[in-house]
Amino acid sequence: MDDRQFRTAMGKFATGVTVIATEVEGDIHGMTANAFMSVSLDPKLVVVSIGEKAKILNKIKESKIFTVNILAADQQELSMIFAGQLKEHKEVVFERLDGKPVLAGAVAQVACEVSAEHVEGDHTLFIGRVTDIHLEDKEPLVFYSGKYRSLVAEQPVTI
Ligand code: FAD
Ligand code: NAD
């Protein structure tokens, strides 16, 4: 099986889009990620999967904290910024949740402390113990088959 076939298949799993953020000595670093999952309710745990070449990897190892910012439909540009897909550098202002850096306007901001890390193949799974959450009533950004999408409101069925 080649890499393209694997990626094409995995891309058939429609996901939201998050920006994972962390902070080391006052420097905030963000990275776009869709490998995010809820893990446990008691205790409240989530997981993110970070590639071995990603700069954010060592930063999370050092800081032992991260936030997951679930992007809204109007935040595609932020996804592109934090995936390194824009040529020009854009300043992004972060706000704080539980003292950790989060993105304003996200559908959900989830603040975490690293409770475990597991190296699996060419990625590291970080398990995060959730310390705080902030929610906004907005539509999410969706990623499917390598393209950004948004949810289309369901048409009411008339009988
Ligand atoms: P960089 O490439 O240095 O950072 C990414 C970009 O963010 C750079 O352009 C940088 O300038 C900008 N940036 C960082 N911090 C700031 C800041 N404070 N202010 C302004 N700009 C800043 N990779 C994974 O490992 N796991 C995934 O689950 C994953 N999912 C993805 C989902 C999607 C939809 C996409 C498009 C990409 C995904 N990637 C994922 C790939 C990942 O986003 C890129 O490889 C990314 O460039 C790696 O980031 P980095 O930490 O190496 O840092
Ligand atoms: P794509 O066709 O490369 O990816 C489709 C799906 O394949 C992704 O949603 C993910 O589930 C999986 N995938 C892709 N690259 C992977 C990797 N290195 N490790 C594990 N799973 C991976 O989609 P695209 O729009 O071309 O993606 C843009 C860029 O972002 C690419 O460079 C891609 O490698 C990267 N990306 C990385 C991950 C990840 O590391 N988990 C996830 C998504 C996208």
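Let's start with helix 2, residues 56–63. Its buried residues are I56, K59 and I60. They cover an arc of only 95° around the axis, so they sit on the same side of helix 2. Keep in mind that this is a predicted model.

What lies over those residues? The cover includes strand 2 (18–24), strand 3 (27–33) and strand 5 (45–51). It also includes strand 6 (65–70), strand 9 (108–120) and strand 10 (123–135). Right after helix 2 comes K64. Its phi is positive, near 65°.

Now the annotation. UniProt lists residues 10–150 as "domain: Flavin reductase like", and that comes from an unreviewed entry. In this model the span is 11% helix and 52% strand. Its end C-alpha atoms lie 19 Å apart.

Next, the core. The largest nonpolar core has 28 residues. Which of them touch the most other members? Those are V19, I20, V48, F66, L71 and A106. Two or more residues come from each of strand 2, strand 3, strand 5, helix 2, strand 6, helix 3 (76–82), strand 9 and strand 11 (141–144). Strand 6 gives the most, with four residues.

Take V19 from that list. Leave out residues up to four places away in sequence. V19 then touches G30, M31 and T32. It also touches N69, L71, L78, F82 and L103.

V102 is another residue to look at. It sits in strand 8 (100–102). Buried or exposed? V102 has 22 other C-beta atoms within 10 Å, and the cut-off for buried is 20 or more, so V102 is buried. Along the chain, V102 and I20 are 82 residues apart. Their C-alpha atoms are separated by 8.8 Å. The contacts of V102, again without residues up to four places away, are A21, T67, N69, F94, E95, R96, L97, Q109 and A111.

Compare L45, in strand 5. L45 has 17 C-beta neighbours inside 10 Å, so it counts as partly exposed. The C-alpha atoms of L45 and E113 are separated by 9.6 Å. Those two residues are 68 apart along the chain. Beyond four places in sequence, L45 is in contact with V39 and S40. S115 is on the list too, and so are I127, G128, R129 and V130.

On to the ligands. Ligand 1 is surrounded by 22 residues. Which are the closest? They are A33, A35, G51, I56 and G84. I56 you have met already, as a buried residue of helix 2. Strand 3, strand 5 and helix 3 each supply at least two residues of this shell. Strand 3 gives the most, with six. By class, the shell has 13 nonpolar, eight polar and one charged residues.

Ligand 2 has its own shell. Around it are R7, M10, G11, N34, A35, S49, G51, A83 and G146. Helix 1 (3–10) and strand 5 each supply at least two of these. The classes here are three nonpolar, five polar and one charged. A35 and G51 appear around ligand 2, and they are also among the closest residues to ligand 1.

Last topic: the backbone. Most residues other than glycine have a negative phi, and most peptide bonds are trans. There are some exceptions to show you.

The peptide bond from D42 to P43 is cis. Omega is near 5°. Where is P43? In the loop between strand 4 (36–40) and strand 5.

D98 has a positive phi, near 55°. It lies in the loop between strand 7 (95–97) and strand 8. D98 counts as partly exposed, because it has 17 C-beta neighbours inside 10 Å.

S145 also has a positive phi, near 50°. You will find it in the loop between strand 11 and strand 12 (147–150). S145 has 10 other C-beta atoms within 10 Å, so it is exposed.

To recap. Helix 2 has its buried residues on the same side. Strand 6 gives the most to the largest nonpolar core. Strand 3 gives the most to the shell around ligand 1. And the bond from D42 to P43 is cis. Thank you.

Terms used:
Residues numbered from 1 in each chain as written. Chains lettered and ligands numbered in written order. Predicted model: local features only at pLDDT ≥ 70, side-chain atom pairs only at ≥ 80, totals over all residues. Buried ≥ 20, exposed ≤ 12 C-beta atoms within 10 Å, placed from the backbone. Arc of directions from axis to C-beta. Contact = placed C-beta atoms within 7 Å. UniProt positions renumbered as here; feature names shortened; annotations may be inferred. Near = placed C-beta within 6 Å. Nonpolar A, V, L, I, M, F, W, Y, C, P; charged D, E, K, R; others polar. Core = buried A, V, L, I, M, F, W, Y, C linked by C-beta atoms within 7 Å.
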